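Okay, thanks for making room for me today. I'll put the sequence and the structure up, and then talk you through a few parts of it.

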Protein chains: 2
Amino acid sequence: MDPRKLAPTLRDVATLAGVSTTIASRVLNDDPVVRVRDETRARILEAAATLGYTPHGVARSLRTSRSDAIGLIMHNLTSPMNTTVLDGVRGRCAEAGYVTLLADSEQLATDSGRLRSFLARGRLDGVILHVGHGYHDKLIADVSRHVPAVLVNSDGSGSVPTARLDDVAAGRTATEHLVALGHAAICFIGGPAEAITSLGRQRGYEEVLREAYPDARVDVISAGWTDELGEDAARQLLSRPQLPTAIVVANAVTAAGVLTVLRQAGINVPNDVSVVGIHDAWFAKHLAVSLTTVRLPLFELGAMAADLLLSTLAGKPTPMNALIVDPPPVLVVRESTAPPRPASHA
Amino acid sequence: MDPRKLAPTLRDVATLAGVSTTIASRVLNDDPVVRVRDETRARILEAAATLGYTPHGVARSLRTSRSDAIGLIMHNLTSPMNTTVLDGVRGRCAEAGYVTLLADSEQLATDSGRLRSFLARGRLDGVILHVGHGYHDKLIADVSRHVPAVLVNSDGSGSVPTARLDDVAAGRTATEHLVALGHAAICFIGGPAEAITSLGRQRGYEEVLREAYPDARVDVISAGWTDELGEDAARQLLSRPQLPTAIVVANAVTAAGVLTVLRQAGINVPNDVSVVGIHDAWFAKHLAVSLTTVRLPLFELGAMAADLLLSTLAGKPTPMNALIVDPPPVLVVRESTAPPRPASHA
DNA sequence: CGACGCTGAACAATCGATTTCTCAGAGGCT
DNA sequence: AGCCTCTGAGAAATCGATTGTTCAGCGTCG
């Protein structure tokens, strides 16, 4: 009824093959140092096969002090962007033979008991933290005190290796597109004020704006990463006497909220206002107006974070900062951007 | 430099407190059977605190044959629906003191080595499988042979406890709405042909349609769970001589694709065609036309799956089927549905 | 006064695999 | 014949915690 109770151990294999666990272990692990008669080796392999032997991961971990597991602490898994990063991490770790444990940053940050049990010694070889805006210094410190850690798109104050998107380039790409179309009154709707990714994108926006119009007005609204906060930001914009002619939104989810509120207010995108969002998420083409975006290499970001950690675990020297520049930001033009309407002289 | 090497063991605590590891362990675990002098107990607790002792999870697992970890095998984590299920599972497991290991069903199904290392004996107390359409019988069998398993929204042929949404009710709710508006020519765009969730929703659709119009034509198109497949289905619809007046789409992501293609073709939603999507995802309100949806309790689905597994692990009797009926399907009306245009006599 | 029962705590086995030694025997060499 | 060197393999320690069993000491009771 329950074959789990009967799971064969190494000893069972050894007994069946008529050898000691020592050689059985060596043969099954392809120990290069071992010297075994071919005939013995064959007997062991056959015994393992007949029994359907699977090594006991926990016992092995205890002995070798490796768990082949890495922890992934993430915030807001509901965001499609974060899921893509997750995929990148998971893919690379799986290739390297590691399994991935997932935890939620909010829970861990507030419940130290849970953090302890997540980190319980020996269970994790390393941890990747993707915790969003910088509220989590303590969490980062707690984790990295216990196991090797790397950060993703977060501010680690330089104490922990970090993988980052090229946010400045992303902000530049978005803004350059609008400037090229002829826009000058461009607003930037950012993420949370403290988020370093948002700040980077904002810097790209400011750079391009200043380069094009030395005395242009930098016009920034802090929103957040959700569609609701995008709606709020758009309403704030609508309450002004005059709208900008174009908007850079630091995040596509936020941009979805912006577009919806503009539509509800009867503002025509792109004729009245152009909108560019950062992150070419799948839903961009399906929004109220299909959204022009800047595609960033999120999967590669996750993979790079995994690489940083794996390289640390392998004892190789690891850079403290990895900026993902390889697929550079790519502009994906859709319907939400157009040249500004010629000034009406009426 | 590296305090990890020095992580204190139970023996260290015992030595510092001047006792044996036996009592140290018993005191630290609040063993109810133990009899200890209060003074001794205090010494042990103090020693543990000074040393910053954390139990070694792996060693404990080996001894107790419990890992306090459950595995979650999922397909298509990019879907916001699946992420919500994931949140439900993770939340409930965390409450119960379990950590969650995540793996991808496609990878595991194709790479048996990876599956083995994921399941490596002793590492997981149980597994929750959310593998979508029924391609994965072998995976399910492989997993459940090794550890207790439960299924989510999948077809397990009754051998494994399964948590399910009330798909029939969802299909009914969507279709009833359209019938109430006066529609009769209603098309159903489903998921993959084998997906039991899609089949359930389709059955709800057929039931309501037949109840309202005994000789109505059941009109079903098989698509899939992605926006691209929704686009394909919509194009297929457009190639017909006559469009239906309303469409039920088995999934909101698919519906996004449908709406976009209809918009591109100049079809007015809801005036020419009404559309209802199942799953009230966040993006529904931001689509080409804001989408009327049926909200299903996805978080609760995940939580229920976790409950099934936890109850099995606790040795309690566990139902083989759990249908989530508690928050029933809720219709969320937006702009994509309206009464059919009166037949034009022109 | 000796057997008995508690109290408080230690001993030692165990979980399953890895790994460092150790070692018997065969064969080669002088 | 005696010594050495390989070859092939086993014995036993170890990883860190849990737990069934044992045990010393002390008070009690008949």
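So, look at A:Ile73: its bridge partner in S3(A) is A:Leu129. Keep in mind throughout that this is a predicted model. That bridge belongs to the pairing of strand S1, residues 69–74 of chain A, with S3(A), which runs in the parallel sense over five bridges. On S3(A), A:Leu129 also stands opposite A:Leu151 in S4(A). S4(A) is residues 149–152, and S3(A) and S4(A) pair in the parallel sense too, over three bridges.

How many residues of strand S3 of chain A are buried? Five of its five, over residues 126–130, so to speak the full run. If you look along S3(A), A:Gly126, A:Ile128 and A:His130 point one way, while A:Val127 and A:Leu129 point the other way, and all of them are buried.

Let me zoom out to chain A as a whole. We have 13 helices and 12 strands there. The radius of gyration is 27 Å, well over the 20 Å that the globule rule gives for 346 residues, so chain A is more spread out than a compact globule. The C-alpha trace of chain A spans about 100 × 40 × 35 Å along its principal axes. Buried residues make up 53% of the 346 in chain A. And if you take contacts in chain A between residues at least 6 apart in sequence, 73% of them join residues at least 24 apart.

There's one annotation I want to mention. UniProt, in an unreviewed entry, lists residues 8–64 of chain A as "domain: HTH lacI-type". In the model, that stretch of chain A is 67% helix and 0% strand, with its end C-alpha atoms 20 Å apart.

Next, the DNA. Which residues come nearest to DNA strand C? Of the 26 residues around DNA strand C, the nearest are A:Thr9, A:Leu10, A:His56, A:Ala59 and B:Ser20. On the chain A side, helix H1 (10–17), H2 and H4 each supply at least two residues of that surface, and on the chain B side H2 and H4 do. H4(A) makes the largest share of the surface near DNA strand C, with five residues. By class, the surface near DNA strand C has eight nonpolar, 11 polar and seven charged residues.

Now over to DNA strand D. It is surrounded by 26 residues, and the closest are A:Ser20, B:Thr9, B:Leu10, B:His56 and B:Ala59. The elements giving two or more residues here are helix H2 (21–28) and H4 of chain A, along with helix H1 (10–17), helix H2 (21–28) and helix H4 (57–64) of chain B. For DNA strand D the largest share, five residues, comes from H4(B). The classes there come out as eight nonpolar, 11 polar and seven charged.

On to where the two protein chains meet. Here 51 residues of chain A are in contact with 51 residues of chain B. On the chain A side, the elements that give two or more residues are helix H4 (57–64), helix H5 (80–95), strand S2 (99–104), helix H7 (112–119), helix H8 (137–146) and helix H12 (252–264). H5(A) gives the largest share, seven residues. That side of chain A divides into 23 nonpolar, 16 polar and 12 charged residues. There's strand pairing across the chains as well: S2(A) and strand S2 of chain B, residues 99–104, pair in the antiparallel sense over three bridges. Within that, A:Thr100 stands opposite B:Leu102.

I'll finish with two residues in chain B. B:Val258 is in helix H12, residues 252–264. Is B:Val258 buried or exposed? It has 32 C-beta neighbours inside 10 Å, so B:Val258 counts as buried. Leaving out residues up to four places away in sequence, B:Val258 touches B:Ile189, B:Gly230, B:Ala233, B:Ala234, B:Ile247, B:Val249 and B:Val275. B:Asp232 is 26 residues away from B:Val258 along the chain, and their C-alpha atoms are separated by 8.0 Å.

The other one is B:Pro148, in the loop between helix H8 (137–146) and strand S4 (149–152) of chain B. B:Pro148 counts as buried because it has 21 C-beta neighbours inside 10 Å, and the cut-off for buried is 20 or more. Beyond its neighbours within four places in sequence, B:Pro148 is in contact with B:Gly126, B:Leu309, B:Thr312 and B:Leu313.

How values were computed. Residues are numbered from 1 along each chain as its sequence is written. Chains are lettered from A and ligands numbered from 1 in the order in which they are written. This is a predicted model: local features need pLDDT of at least 70, side-chain atom pairs count only at pLDDT 80 or more; totals for chains, interfaces and linings use all residues. Two residues are in contact if their C-beta atoms, placed from the backbone, lie within 7 Å. Helices (H or I, at least four residues) and strands (E, at least two) are DSSP runs, numbered from the N terminus. Ala, Val, Leu, Ile, Met, Phe, Trp, Tyr, Cys and Pro count as nonpolar, Asp, Glu, Lys and Arg as charged, and the others, Gly among them, as polar. Two strands pair if DSSP finds at least two bridges between them. A residue is near a molecule or strand if its C-beta atom, placed from the backbone, lies within 6 Å of it. The radius of gyration is taken over C-alpha atoms; the globule rule is 2.2 Å times the number of residues to the power 0.38. A residue is buried if 20 or more other C-beta atoms lie within 10 Å of its own, exposed if 12 or fewer, and partly exposed in between; C-beta atoms are placed from the backbone. UniProt positions are given in the numbering used here, feature names are shortened, and annotations may be inferred rather than shown by experiment.
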